[in-house]
Amino acid sequence: MSRIGKLPVAIPEKVEVKVENGLVSVKGPKGELELQTRPEVTVEVQNNEVLVTRKNDEKLSRSYHGLYRQLIQNMITGVSAGFQKVLLINGVGYRAEIKDNILTLNLGYSMPIEYIIPEGISIVADGPSKLTISGISKEKVGKCAAEIRSLRGPEPYKGKGIKYEDETIRRKVGKSGGKK
């Protein structure tokens with residue numbers, strides 16, 4: 001049996017979970033999320049916990065068992081506490097600013113890049129070189145952070161570019177430059 005899938009998901013106070021015809025709805029103080037489950041798994045709410053069980057022992061059912069348990073866990077965490085990722089911008093003249101719903105990034109290209117902030121995501125510029133991306137959906141927060149990072153990934157020689165706060169960049173030594 002799946003080690004992750006068999007663990008129950010605790011429902012904190014102020015969070016409400018409903019299951020109807022394979023549609024899991026989670027409502028909390030920060031918002032509301034929904035998830036359509038596959039027929040291979042069954043989701044039940046019992047004693048202030050969410051239990052995910054599978055119908056049979058086939059490989060596909062076993063795969064979805066742990067997946068849906070973790071997705072429901074992420075939904076409950078998102079509506080109660082939320083998720084956030086921090087991006088650091090490193091480089092001479094590299095900066096970010098937010099106006100209305102548009103993130104403007106100067107990343108050393110000839111023109112600034114304008115990134116439209118998706119719905120359900122909030123981005124805060126903590127100074128010109130630090131972005132905090134937050135929201136209730138772990139998937140959307142991660143996707144938004146990855147899209148912004150991909151605009152100018154960190155390079156290994158000088159470390160210029162956009163990186164995650166907890167990411168370490170392995171630096172390379174440049175040319176030796178010795179003459180013979």
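How much accessible surface does the protein chain have, and what share of that surface belongs to carbon and sulfur atoms? The accessible surface is about 11,600 Å², and carbon and sulfur atoms account for 49% of it. Before I go on, please keep in mind that this is a predicted model.

I will start with the chain as a whole. The protein chain contains 13 strands and two helices. Its radius of gyration is 21 Å, while the globule rule gives 16 Å for 180 residues. The value for this chain is well over that, so the chain is more spread out than a compact globule. You can also look at the box that the C-alpha atoms fill: along the principal axes it is roughly 70 × 45 × 25 Å.

How much of the chain is buried? Of the 180 residues, 35% count as buried. As for contacts, take those with a separation of 6 or more: 50% of them are between residues 24 or more positions apart. On charge, there are 30 positive side chains and 21 negative ones. The centres of these two sets lie 13 Å apart.

Now to single residues, beginning with threonine 132. This residue sits in strand E12, which covers residues 130-135. Is threonine 132 buried or exposed? Its relative accessibility is 12%, and the cut-off for buried is under 20%, so threonine 132 counts as buried. Its side chain makes a polar contact, at 2.8 Å, with the side chain of aspartate 126. Aspartate 126 also appears in the list of residues that threonine 132 contacts once neighbours within four places in sequence are left aside. That list also includes Gln84, Lys85 and Val86, as well as Ser122, Ile123 and Val124.

Further along, serine 137 is in the loop between E12 and helix H2, residues 138-150. At 16% relative accessibility, serine 137 counts as buried. Which residues does it contact, leaving aside neighbours within four places in sequence? They are Leu33 and Phe83. For a sense of distance, serine 137 and glutamate 13 are 124 residues apart in sequence, and their C-alpha atoms are 19 Å apart in space.

Next is lysine 27, in strand E3, residues 23-27. Lysine 27 has a relative accessible area of 45%, and it is partly exposed. Apart from neighbours within four places in sequence, it is in contact with Lys14, Val15, Glu16, Glu32 and Val79. The C-alpha atom of lysine 27 is 29 Å from that of isoleucine 98, and the two residues are 71 apart along the chain.

Last, two residues with a backbone angle to look at. Most residues other than glycine have a negative phi. Asparagine 47 has a positive one, near 50°, and it is not a glycine. Where is asparagine 47? It lies in the loop between strand E5, residues 41-46, and strand E6, residues 49-54. Its relative accessibility is 75%, so it counts as exposed.

Aspartate 100 is the other residue. Its phi is also positive, about 55°, although it is not a glycine. Aspartate 100 lies in the loop between strand E8, residues 95-99, and strand E9, residues 102-106. At 82% relative accessibility, aspartate 100 counts as exposed.

That is the end of my part.

Methods. Residues are numbered from 1 along each chain as its sequence is written. This is a predicted model: local features need pLDDT of at least 70, side-chain atom pairs count only at pLDDT 80 or more; totals for chains, interfaces and linings use all residues. Side-chain values use heavy atoms; hydrogens and water are left out. Helices (H or I, at least four residues) and strands (E, at least two) are DSSP runs, numbered from the N terminus. Buried means under 20% relative accessible area, exposed over 50%, partly exposed in between (1.4 Å probe, protein chains only). A polar contact is a pair of N or O atoms within 3.5 Å; within protein, one must be able to donate a hydrogen and the other to accept it, and residues adjacent in sequence count only if both atoms are side-chain atoms. Contact means heavy atoms within 4.5 Å. The radius of gyration is taken over C-alpha atoms; the globule rule is 2.2 Å times the number of residues to the power 0.38. Accessible areas come from the Shrake-Rupley method with a 1.4 Å probe; for residues, only the protein chains shown count as cover. Lys and Arg count as positive and Asp and Glu as negative; His and the chain ends are not counted. The place of a charge is taken as NZ of Lys, CZ of Arg, CG of Asp or CD of Glu.
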